[in-house]
Amino acid sequence: FNAAAMKQLPYAIIVNGTGGVMERKLANHGPGTLLAESVTVVSDAVVNGVRTVVLTRPLQGASKDHFTFFDPSKQPTLPFISAVGNTSAFAYHRFKGIATLSLTAENGVSCICKSGINGSINGMPFNKTCRDEPYGDLIQQKNPTCWVQSYQGGVHCCHHQWILLDQDQNPWENITDSYHLKFRFWYEEYDSAGATPSHQDLPRVYYQTAAYSGEYDVPEKQDTTPAGSAVHQITAHFQVRDMIQPRDNATGVALIYAGGHCHAPSCLSIE
């Protein structure tokens with residue numbers, strides 16, 4: 001509940017193939033932690049091979065890990081993820097999806113708002129937060145990456161255990177490639193003696209020229225400029241405060257170093 005992916009570590013209610021019910025605090029692509037039971041089974045019936053279990057539960061969560069349902073007059077929608085397993089036992093899911101539950105308040109006022117066009121890719125919600133000028137150019141340029149109806153492909157098509165193949169291609173079932181990574185670290189021992197410690201905390205902050213999109217398309221040129229001379233450019237205007245979270249008693253920042261980052265060969269330059 002209140003999540004669009006398992007990496008958000010949500011509270012979940014799970015019903016197995018025999019009608020058993022459990023509540024869990026999910027992990028990132030893992031079963032997570034079993035929680036104390038707070039639901040009550042009202043009915044459990046199987047009709048034409050389909051099991052229907054009706055549950056009730058208090059709105060207030062039994063612990064910090066049990067989700068507390070909110071007042072619909074203040075937050076009228078609730079995102080949630082659902083999945084169907086491969087077997088009757090609790091294990092990795094066969095199908096999954098995302099949806100939004102719309103709530104209305106009894107004897108109260110509920111807001112009906114238009115939030116634009118929403119969608120999903122392979123069951124995962126498409127959420128983009130392209131920022132408008134002066135923070136970024138993508139919305140002004142109408143870059144296809146910002147909207148699900150014009151999205152051409154990219155990082156939103158790459159998630160855990162997704163295989164980017166055509167339907168007629170073999171996904172290599174039951175074949176696993178194993179590899180090993182070796183890391184080498186150089187370090188200096190921390191010394192707190194003296195008036196000034198040997199090391200200082202150095203937070204890493206950054207800002208994307210794509211302004212929170214995480215990616216963008218280089219559009220096909222629409223004029224007579226020769227292909228070798230056509231260059232697509234995006235800009236961003238931001239301040240230090242757009243990159244950091246305020247810290248207690250902080251009066252400013254001391255810039256130690258700054259550097260740019262872009263991906264060749266499509267990135268020609270950055271400044």
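**Group meeting: strands, turns and pockets in a predicted model**

Let's start with one pair of residues: Arg24 stands opposite Leu34 in strand 3. Arg24 itself is found in strand 2. A quick word on terms: strands are DSSP runs of E with at least two residues, helices are runs of H or I with at least four, and both are numbered from the N terminus.

Before I go on, what you see is a predicted model, where local features need pLDDT of at least 70, side-chain atom pairs count only at pLDDT 80 or more, and totals for chains, interfaces and linings use all residues. Residues are numbered from 1 along each chain as its sequence is written, and side-chain values use heavy atoms, with hydrogens and water left out.

Okay, back to Arg24. Is Arg24 buried or exposed? Buried means under 20% relative accessible area, exposed means over 50%, and partly exposed is in between, using a 1.4 Å probe and protein chains only. Arg24 has a relative accessible area of 12%, so Arg24 counts as buried. And what is around Arg24? Contact here means heavy atoms within 4.5 Å. If we leave aside neighbours within four places in sequence, the residues in contact with Arg24 include Pro10, Tyr11, Ile14, Leu34 and Phe90. Take Ile14: that residue is 10 residues from Arg24 along the chain, and their C-alpha atoms are separated by 7.7 Å.

Now the strands around that spot. Two strands pair if DSSP finds at least two bridges between them. Strand 2, residues 21-27, runs antiparallel to strand 3, with three bridges joining them. The two make a hairpin with two residues between them. His29 is found in the loop between strand 2 and strand 3, and phi of His29 is near 60 degrees, a positive value in a residue other than glycine. For context, most residues other than glycine have a negative phi, and most peptide bonds are trans. His29 counts as partly exposed, at 47% relative accessibility.

There's another hairpin further along. Seven bridges join strand 4, residues 40-47, to strand 5, and these strands run antiparallel. One of the pairs there is Thr40 with Thr56 as its bridge partner in strand 5. Again there are two residues between the strands, and Asn48 in the turn has a positive phi of about 55 degrees.

So what does the whole chain look like? The chain has zero helices and nine strands. Why do we say the chain is spread out? The radius of gyration is 25 Å, well over the 18 Å that the globule rule gives for 271 residues, so the chain is more spread out than a compact globule. That radius is taken over C-alpha atoms, and the rule is 2.2 Å times the number of residues to the power 0.38. Taken along the principal axes, the C-alpha atoms fill a box of roughly 65 × 65 × 55 Å. Buried residues make up 19% of the 271 residues. Among contacts between residues at least 6 apart in sequence, 47% join residues at least 24 apart.

A couple of oddities come in the segment after strand 9. Pro134 is found there, and a cis peptide bond with omega of about 5 degrees joins Glu133 and Pro134. Tyr212 lies in that segment too. Tyr212 has a positive phi of about 75 degrees although it is not a glycine, and with a relative accessible area of 40% Tyr212 is partly exposed.

Last topic: pockets. On a 1 Å grid over the protein atoms alone, a pocket is an open set of points where a 1.4 Å probe fits, with protein on both sides within 12 Å along at least five of seven lines, and lining residues have an atom within 4 Å of a point. Points are joined across faces, edges and corners, and a volume is the space filled by probe spheres set on them.

How big is the volume of the largest pocket? About 2,500 Å³. Of the 49 residues that line the largest pocket, the closest to its centre are Tyr206, Tyr207, Gly259, Gly260 and His261.

The second largest pocket has a volume of about 1,300 Å³. There, 43 residues form the lining, and the closest to the centre are Ile14, Ser82, Ala83, Val84 and His93. So Ile14, which we met beside Arg24 in the contact list, turns up again here. The largest share of this lining, six residues, comes from strand 6.
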